[in-house]
Structure formats: C-alpha cells, structure tokens
Amino acid sequence: MNVGEKVVEIIAREQHLDPGDVSIDATFEELGIDSLDGVNILFALEEEFKIDIPDTVAQNMKSVRQVVDSLNRVLEGKDISDLAAMAKGSGPAASN
Amino acid sequence: MRRVVITGLGVFSSTGKDKNSFFENLLQGRPGVRPITQFDSSPLSIKIAAEVDGYNPDDYFPPKRQDLLDKFAQFALIAAGEAMKDSGIVVSEEERYRFGVVMGSGMGGAGSYDAGYHNLYAKQVTRLHPFTIPRIMHNAATSHICMEYGAQGPALATATACSSSGHAIAEAFHMIKFGMSDMMLAGGADAPITYGVMRCWEAVRVLASGNGNPATACRPFSADRKGMVIGEGSGVLLLEELDHARKRGAHIYGELAGCGMSSDASHITQPSVDGPVRAIRMALDEGEVEPEAIDYINAHGTGTRLNDSIETQVIKQVFGDHARKLAISSTKSMHGHAMGATGAIEFVATVLALERGMVPPTANYTQPDPECDLDYVPNEAREKRIGAALSNSFAFGGLNAVLLVRRWE
C-alpha cells in the first residue's frame, strides 16, 4: 500500500466514509471535513506514520492530494519549508 | 410575576431508559445496582454500581457522532430527546433565542479523561487524541443539546458535585421567571463509572460494597446502611413559562414554584444542618408554600451514616410536627447516586410522584435507626395525593439545592 492509498484509508476511517468515496482529488470541504475533523486526521496520520507534522504544514493540507504530497516529502526527509510558506496567512487548524 | 411549569420529562438511568419504565421500576422497588461491567473491577473493594443496563451507544448514535461524545454527553442527549418528544414542543426559528439549556455534571467526560491519562501515563504515548478536550469539557452536554435543538438562548453548565443538576434546574427556572427565556431544557448527566473515578471514591470510604448482593447494597435511612452506590445516567426536564405552555396546549406536569440554594461554608465533605435548612426555607418562601403543604420529600438520602441522620434533623427543624406526617423517600436506593445527574433524575421521580399520586419507596429498608425516625416509605410504594413536593440535593462541598414542585390544576 503506497502513501496515497494509506492516506485515503485513514481519512475514510476517521470520517466514517467508504474508502471508495474518498477521491485523491477531493478537497476537505467536498468531503465535509471541518477544522476539528482535520486535526483528528492529522493525529491519525502522525500515529500511523510515526511522524510529527508541523502546524505550518498542517495548515496547508486542504485536500487529499495536498496531504499525500506533504507526507511524501516529510517521509523522504525533504525540506518542507516552502509548504509552510505557502500556508502563511491561513487560519489556525481549529478555532477556540 | 412569570410562572414556570414542567412540560416535558426525560430520564435515562439504571432503573429505566425512559420515564415510564423508570418510574414503574421505582414503584416496584427494583434497584438497578449490579456488578460493574464497564471495566474489570476485580482489584477494587467496591465491585458494584448502578449502571445503565446493557448500554450500547450504537443503538443511539452513528459512529461519526460518537467520536465527539463522551458517555455523559450521550446520556444527556438521550434524556433531552425524550423530554423534547414528551413535551411535543416545536420551537420556531424566531423562538430559538428564547430557548436555552442548563445541564449539570459532577465529573464531565470522566471516561475520556481516564482513557487519555491511561494512554499518557501507562502507555507512555506522547500525544493525546485531539477530541479529548471537546469530549471532557463539562459544558459538552449543554452545547450538544443546544446544537441538536437549535437552542440559542441562555445556556450554561453547573458543576456542584451531587447538587449539579438541582442547581441547573434552579438556574433555568430563574432564567424563565426573570424573563431571560421562555423555554429551558434543564437537568444533568454523569458517567462516572470508570476505573479511575471508582478508585477515587473507594478512597473516601463512603461506598457500600453490597457483600455479594448488589441489589440490597444501598439502604438509606435504615439502621444497617453501609454507604452509597455510584450510579450514572441523565435526567432532563423541559421548563416553560406558563402562558407559553398554555398557548400551545401543553401537558403540564406541575409548577416549579420555588428553588432554594445555600452554602454550608463549614466542611468540604461533612454536611451541616443549617445550610440545607436555609435552602429548604428559601424554596418554600419563593413558592409561597407553607411547610404544612408539603406532602412528599424526595430526600438526598445517600445511604451514608452521616447524610441520612443529618437530613432527618434538617427535615425536623424545618417542618416541626409536620415532619412526621409527610412522606420521605430516597430513590437513590434504586438508581444509585448518579452524581451530577442525580438531582434531575430524582426531580423527575418527584414530578411523576406528584402527577400520579404515587410515592416511590425507599428500597432495602430493614431496621429503624433512632437517628432516622421519620416516615421513609419503606420498601412499598404508597398511594398518596401530593399537593406539593420537594427534591433535596446536598452536595460534597456543602452546596445545597432544593426544588419545590406544586400540583397544577
């Protein structure tokens, strides 16, 4: 199972959706994933891949593909600061 | 002055999962105290509790919803659902701002705390589930009920241990009475039967072990009483401004006529006589009800040595000779001490007793105690016309709440 398939599986599990309904091109909005759901998915991804996803990167994860791309880069040990820069100006992951 | 009536009842407890089965079991004197099933209680000296029998959240909530609901909030939503349905109320878009919620809880999301700390300390994980905070917060029950029914008026949560839901109902009552709202869902919920919480209670040495017979463990006012039994569940009532209820032709169970509150300001666990006396008098004064008009008291009646003898002194001090004429019972003998839910569960029992003219008994009463020498309606339900009744809640911490319900005719 590659990273993409694993991400789809985790998002489907956490959202209680059928994995077949989670397209790699779907945005979180299309999947009904709100800010709190997003934090929950991040937690599940961190647990699964045994990694830490920095808040600045997390804020940029608004679609399944963005999650997969970010994860791939984290897992390959690549510099992800450009992702953080892109996320600049977006709000916090959860309100309150 | 605006008057407040009770137009909906909901209860979810060890003695019944709706108001009718709950009250029927009380009248039959059937305790809901059983061996603990929610965790392995074998290391504890106390292995019994009043659990909601065979509770399965899948019967009530879809999986996605359960993720965000600690068990106490689940119980709250179930009881609130019954109260709403029972009342037949339909809240219009314009009325949402006049519709509020006050729910009490002693322990909040105790199970979610327990699970989180187990992961943190025992399993040594370095991060906790992100839903932990929304699950444990004491106001979760209030907030979920508000969201479920679009209640956008005054809303808050109370946390006064065993008096939490008595205070919640009192607060909601005053919000309607003084014009802040027209409709309030009020009550309490708790789900404290976890390994951690039971260990905490065990240490206080106020729990009855049942000695192999859970059903007879809790014996309020009986000379052989050995302590209290922890329970769980929820009670919720719909309170409504009188004219609002009349206009829609609502069934009125009774009038919530007065609420008393006081603080002992004396000891963090030992009850006083003075504090509860003042709370009862305050409720009577607010309702403009003479002490002699009270026919029934649903006692705090925990089944500890101290509470029951002190409560007996309290009743004697307020009611004088009439103390021997009124009926007193502790339904905790059956549904256990459901902590922050217990005041609301007991108030539902009180309201149904008044409406149906049937006093539920104090179960497991075996021997008179010279220090508890009033009429505790031992073991057998009693037919009795009730014109007005009180429900007492005297909390650890010395914070007292007394609710007064009057017959509506």
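## A tour of chains A and B

Start in chain B: select Val4(B), whose bridge partner in β7(B) is Glu241(B). This is a predicted model, in which local features need pLDDT of at least 70 and side-chain atom pairs count only at pLDDT 80 or more, while totals for chains, interfaces and linings use all residues. Residues are numbered from 1 along each chain as its sequence is written, and chains are lettered from A and ligands numbered from 1 in the order in which they are written.

**Strand β1 of chain B**

Widen the selection to β1(B), residues 4-13. Helices (H or I, at least four residues) and strands (E, at least two) are DSSP runs, numbered from the N terminus. The strand is mostly covered, with 10 of its 10 residues buried. A residue is buried if 20 or more other C-beta atoms lie within 10 Å of its own, exposed if 12 or fewer, and partly exposed in between, with C-beta atoms placed from the backbone.

Add β7(B), residues 233-241: 9 bridges join β1(B) to this strand, and the two run antiparallel. Strands pair if DSSP finds at least two bridges between them. Then add β8(B), residues 254-263, which is also antiparallel to β1(B) and joined to it by 2 bridges. Here Val5(B) has Glu255(B) as its bridge partner.

**Chain A**

Select chain A. It has 5 helices and 0 strands, and buried residues make up 23% of its 96 residues.

Show α1(A), residues 3-15, and α2(A), residues 35-49: their axes come within 10 Å and cross at roughly 130°. Axes are lines fitted to C-alpha atoms, for helices over the stretch in contact, and angles run from 0 to 180 degrees between N-to-C directions. The two helices are therefore oblique to each other; angles under 35 degrees count as roughly parallel, over 145 as roughly antiparallel, 65 to 115 as roughly perpendicular and the rest as oblique.

For the contact itself, select residues of α1(A) including Lys6(A), Ile10(A) and Glu14(A), and residues of α2(A) including Asp37(A), Ile41(A) and Leu45(A). Two residues are in contact if their C-beta atoms, placed from the backbone, lie within 7 Å.

**Where the chains meet**

Finally, show both chains. Their contact takes 6 residues from chain A and 6 residues from chain B. On the chain A side, the largest share, 4 residues, comes from α2(A).
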